[in-house]
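The following exercises concern a single protein chain and are to be solved from its sequence and coordinates. Each task is followed by a worked solution in steps.

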Amino acid sequence: MVLLINDLRARISCHRADIDRAIARVIDRGWLVLGPEVCTFETAFAEYVGVSHCIGVGNGTDALEIALRAMGVSSGTKVALAANAGFYATTALLAIAALPHYVDVDIETSHLRLADVKEAIAAGAEAVVITHLYGAPVGDISDIAHLCVENGVPMLEDCAQAHGARIDGRCVGSFGDAASFSFYPTKNLGALGDGGAILTRNRTIAEKSFALRQYGWTTKYLASATGARNSRLDEIQAAILSELLPFLDAENLRRREIAAFYLANIKHPEVALPKFDEGAAPHLYVVRTKDREGLRKHLSSFGIASDVHYPVPDHRQPCHSEMYGSMSLPVTERLSREVLTLPCFSEMHSSDIELVVEAVNSWVR
């Protein structure tokens, strides 16, 4: 039996009654698209994050694209972002024909820093995407948001890996002009299929997002917004998310406990560990080592799965070779060579956690 990075079978088993209840409710009602379950979840999730509006969409990448369009990003807009977050925000920007302006990240946090965002804006960035990577909130997000407001630069928070993460009690997703979330099954708040959402306090952004998710309609069959698509969170996924949302804080607490146990007990001189603060929502537990493949092989001998998030930086993707082939982001490139993800999910047993610690500590290069 292999210990997985994130065991969805365990999650489904733990919440089977909640999931069955959600599905039955939708089937019994017979309303399958943009019905009361979507409205209920949108209201509940907006209240949870602490904003006025939530717009459910088909997946997290659509959430990124629609939010960016609603914020005014268009063809040729120069957008500052990190290049170490899996190409998801880049995919959204390319769909809009916007111009990614990649910024290097901090070696300890893997996040953008205030000084680097300031430099990017000075270099002409007209919008900013801040990714709360691995479930750790960007520590100076308030200062970055203030900087963006001062310069008239819209900021999107990519919260796909940070459901429920907080800074001083305030949820991520409530700092920027808008935020995007993914409800892919492996997320801390995950559905049984794809799903996503845009959250914002800004009524204009919300109204544009509602139109852009469904053909550009401002009223039925009247398409007024350009750049629209058909991207709707379906009723069954919304119902499931409504059932699972009340468990999110407790499950994030369990993830923090696992991360804290790793930090206290993994003692290997060649493995650098992440530090999750009290408000974090650890989605992925990503360590660093110069001999990644050696550690992966050793973990596999213990029956422990591992993964790499992410092996190829955005600016090094083959499709970017012409435009960004000469770009150098030293920290981002180093991280792509060293990062390795260990199992960390709320349903892990104590024996599983102890096995991971034993395996890492017993590794000999």
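## Exercise 1: An exposed and a partly exposed helix residue

D28 belongs to helix 2, which spans residues 16-29. The coordinates come from a predicted model.

Task. Determine whether D28 is buried or exposed, and classify T204 in helix 8 (residues 203-212) likewise.

Solution.
1. The relative accessible area of D28 is 68%. Exposed means over 50%, so D28 is exposed.
2. T204 has 44% relative accessibility. Partly exposed covers the range between 20% and 50%, and T204 therefore counts as partly exposed.
3. Two separations complete the picture. D28 and A67 lie 39 residues apart along the chain, and their C-alpha atoms are separated by 33 Å. T204 and T332 are 128 residues apart in sequence, with 35 Å from C-alpha to C-alpha.

## Exercise 2: The buried side of two helices

Task. State which residues of helix 14 (residues 350-361) are buried, and how they are arranged around the axis. Repeat the analysis for helix 7 (residues 141-150).

Solution.
1. Helix 14 contains 12 residues; its first and last C-alpha atoms are 17 Å apart, close to the 16 Å expected at 1.5 Å a residue.
2. Its buried residues are D352, I353, V356, V357, A359 and V360. Because these cover an arc of only 165 degrees around the axis, they are on the same side of helix 14.
3. The general pattern is that an α-helix has 3.6 residues a turn, so residues three or four places apart point the same way.
4. The packing partners of the buried residues of helix 14 are helix 10 (248-265), helix 11 (292-301) and strand 13 (339-342).
5. In helix 7, the buried residues are I141, I144, A145, L147 and C148. They fall within an arc of 160 degrees when seen down the axis, so they line one face of helix 7.
6. The face of helix 7 turned away from this buried side carries the exposed residues V149 and E150.
7. The buried residues of helix 7 pack against helix 6 (114-122), strand 4 (127-131), strand 5 (155-158) and strand 6 (166-167). After helix 7 comes G152, with a positive phi near 65 degrees.

## Exercise 3: An enclosed helix

Task. Explain why helix 4 (residues 60-70) is described as largely enclosed by the rest of the structure, and describe what is found at its start and just after it.

Solution.
1. The buried residues of helix 4 are G60, D62, A63, L64, E65, I66, A67, L68 and A70.
2. These are nine of its 11 residues, so helix 4 is largely enclosed by the rest of the structure.
3. At its start, a side-chain oxygen of N59 comes to within 3.1 Å of the backbone nitrogen of T61.
4. Just after helix 4, G72 has a positive phi of about 105 degrees.

## Exercise 4: Two parallel strands and their connection

Task. Establish how many bridges join strand 2 (residues 78-82) to strand 3 (residues 99-103), and give the handedness of the unit they make with helix 5 (residues 88-96).

Solution.
1. Five bridges join strand 2 to strand 3, and the two strands run parallel.
2. Among the paired residues, A82 has V103 in strand 3 as its bridge partner.
3. Strand 2, helix 5 and strand 3 together form a β-α-β unit, which is right-handed.

## Exercise 5: Buried polar side chains

Task. Which polar contacts do the side chains of R213 and Q161 make?

Solution.
1. R213 lies in the loop between helix 8 and strand 10 (217-219). Its relative accessibility is 8%, so it counts as buried.
2. The side chain of R213 makes a polar contact of 2.9 Å with that of E42. A polar atom of the R213 side chain also lies 2.8 Å from the backbone oxygen of G56.
3. The residues that R213 touches include I66, R229 and N230.
4. Q161 is in the loop between strand 5 and strand 6, and it is buried at 7% relative accessible area.
5. The side chain of Q161 forms a polar contact of 2.8 Å with the side chain of Y310. Among the residues Q161 touches are H132, K187 and H283.

Methods
Residues are numbered from 1 along each chain as its sequence is written. This is a predicted model: local features need pLDDT of at least 70, side-chain atom pairs count only at pLDDT 80 or more; totals for chains, interfaces and linings use all residues. Side-chain values use heavy atoms; hydrogens and water are left out. Helices (H or I, at least four residues) and strands (E, at least two) are DSSP runs, numbered from the N terminus. The expected span of a helix is 1.5 Å times one less than its number of residues. Buried means under 20% relative accessible area, exposed over 50%, partly exposed in between (1.4 Å probe, protein chains only). The arc is that of the directions from the helix axis to the C-beta atoms. Contact means heavy atoms within 4.5 Å. Two strands pair if DSSP finds at least two bridges between them. A crossover is right-handed if, with the strands pointing away from the viewer, the path from the first strand over the helix to the second runs clockwise. A polar contact is a pair of N or O atoms within 3.5 Å; within protein, one must be able to donate a hydrogen and the other to accept it, and residues adjacent in sequence count only if both atoms are side-chain atoms.
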